Amino acid sequence: QDIFMSRTAEFADVVLPGAPSVEKEGTFVNTERRIQHFSPAMKPLGDCRPDWEIFTDLAARLGHPWHYPNPGAIMAEAAGIAEIFAGVSYEQLVGWQSQLWPVSAAGESTPRLYTERFNFPDGKARLYPLSWQPPAEQEDSQYNLLLNNGRMLEHFQSMNQTGQGGRMMSLSPNAFVEISPELAAERALNEGEWVRITSRRGSLDVPVVITERVAGNVLFMPIHHGKDGVNALTGEHHDPDVNTPAYKEIAVNMKRVDRRSQPNPVPLHNFRHGSRTPLDHLPIEHKWQQAGYREPPEHVEKPEKL
């Protein structure tokens with residue numbers, strides 16, 4: 001099931017056409033434990049259907065007629081099964097409202113998860129002191145630079161979604177590597193010239209972007225640009241305590257490639273060439289001015305209005 005023929009969907013025997021969030025009703029829960037309701041902004045295009053309809057219909061064909069009339073009925077069943085969702089309901093969520101699980105059967109949210117005790121038999125938290133350890137991969141005489149990597153504002157992950165739009169792709173159509181002005185001067189590199197970034201596992205050719213966003217011998221590459229991207233350079237090493245991959249610990253070397261320069265590796269209309277306008281606060285008071293917004297009950301804590 002997907003909203004377009006992604007690279008993953010191309011391997012499937014059957015692809016069920018799902019609808020994106022702007023074409024369906026439902027809820028989502030964020031990492032704050034906040035449950036929020038969303039409504040469709042438009043009808044599903046073509047043969048697309050909301051996922052709850054697809055799964056309900058599929059279950060019926062497999063001999064399990066669920067007969068759900070809408071997503072609210074599914075949420076009601078979840079609230080009847082999961083204790084932490086006991087008081088969650090669409091009636092409480094619609095109109096710019098939200099709830100934070102655990103939600104009591106009376107509809108009361110839990111803004112702070114642990115106020116009296118933690119979820120252990122003795123009620124105490126489990127703390128694990130850690131000692132700093134040097135990175136598992138460090139630079140040496142052969143791999144004398146460090147490569148960092150991360151996201152760009154306009155793209156999401158491997159661009160399965162953001163890579164489908166012409167305007168989105170026009171902002172940053174190709175991979176690149178950012179190097180500091182100091183390193184560019186030391187290596188006699190100009191903007192748009194191609195280099196080969198090589199780690200202990202693989203190589204990748206990319207054009208150079210010279211910027212003060214990075215400093216010294218640290219490079220930066222976006223993670224988004226396909227199978228030939230930064231994943232070719234990363235390794236299997238990981239944090240010894242929490243087992244998260246150490247994708248940002250990459251020792252590399254950089255050599256010039258004899259290839260025609262690429263003008264403006266980051267196009268001039270990209271956000272990175274604009275002036276930053278940082279907010280001095282999070283304008284949540286705008287939400288409180290929405291028509292139909294209801295103040296939370298007295299016992300529910302919320303930030304002061306700014």
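## Strand β8 and its partner

Buried means under 20% relative accessible area. By that cut-off, strand β8, residues 218-222, is mostly covered in this predicted model. Of its 5 residues, 4 are buried.

Strand β4 spans residues 145-150 and is joined to β8 by 5 bridges. The two strands run parallel. One residue pair can be named: Asn148 has Phe220 in β8 as its bridge partner.

## Helix α2

Helix α2 covers residues 71-81. Pro71, Met75 and Ala79 are its buried residues to look at. Seen down the helix axis, the buried residues of α2 fall within an arc of 85°, so they line one face. An α-helix has 3.6 residues a turn, so residues three or four places apart point the same way.

The face turned away from the buried side carries Gly80 and Ile81, which are exposed. What packs over the buried residues of α2? The cover includes β1, α1 (51-61) and α3 (90-93).

The N-terminal end of α2 is capped by Asn70. A side-chain oxygen of Asn70 lies 3.1 Å from the backbone nitrogen of Gly72.

## Glu193 in a loop

Glu193 sits in the loop between α5 (181-187) and β6 (194-198). Is Glu193 buried or exposed? Its relative accessibility is 18%. The cut-off for buried is under 20%, so Glu193 counts as buried.

The side chain of Glu193 has a polar atom 2.8 Å from the backbone nitrogen of Asn190. Beyond its neighbours within four places in sequence, Glu193 is in contact with Ala188, Val206, Pro207, Val208, Arg256 and Ser261.

## Gly18 ahead of β1

Gly18 belongs to the segment before β1 (26-29). With a relative accessible area of 2%, Gly18 is buried. The cut-off is under 20%, so the label follows directly from the value.

Which residues touch Gly18, leaving out those up to four places away in sequence? They are Gln1, Asp2, Ile3, Cys48, Arg49 and Ile54. For Arg49, a C-alpha to C-alpha distance is also available: 5.2 Å from Gly18. In sequence, Gly18 and Arg49 are 31 residues apart.

Key: Residues numbered from 1 in each chain as written. Predicted model: local features only at pLDDT ≥ 70, side-chain atom pairs only at ≥ 80, totals over all residues. Heavy atoms only, no water. Buried < 20%, exposed > 50% of the residue type's maximum accessible area, 1.4 Å probe, protein only. Pairing = 2+ DSSP bridges. Polar contact = N/O pair within 3.5 Å; in protein donor to acceptor, adjacent residues only side chain to side chain. Contact = heavy atoms within 4.5 Å. Arc of directions from axis to C-beta.
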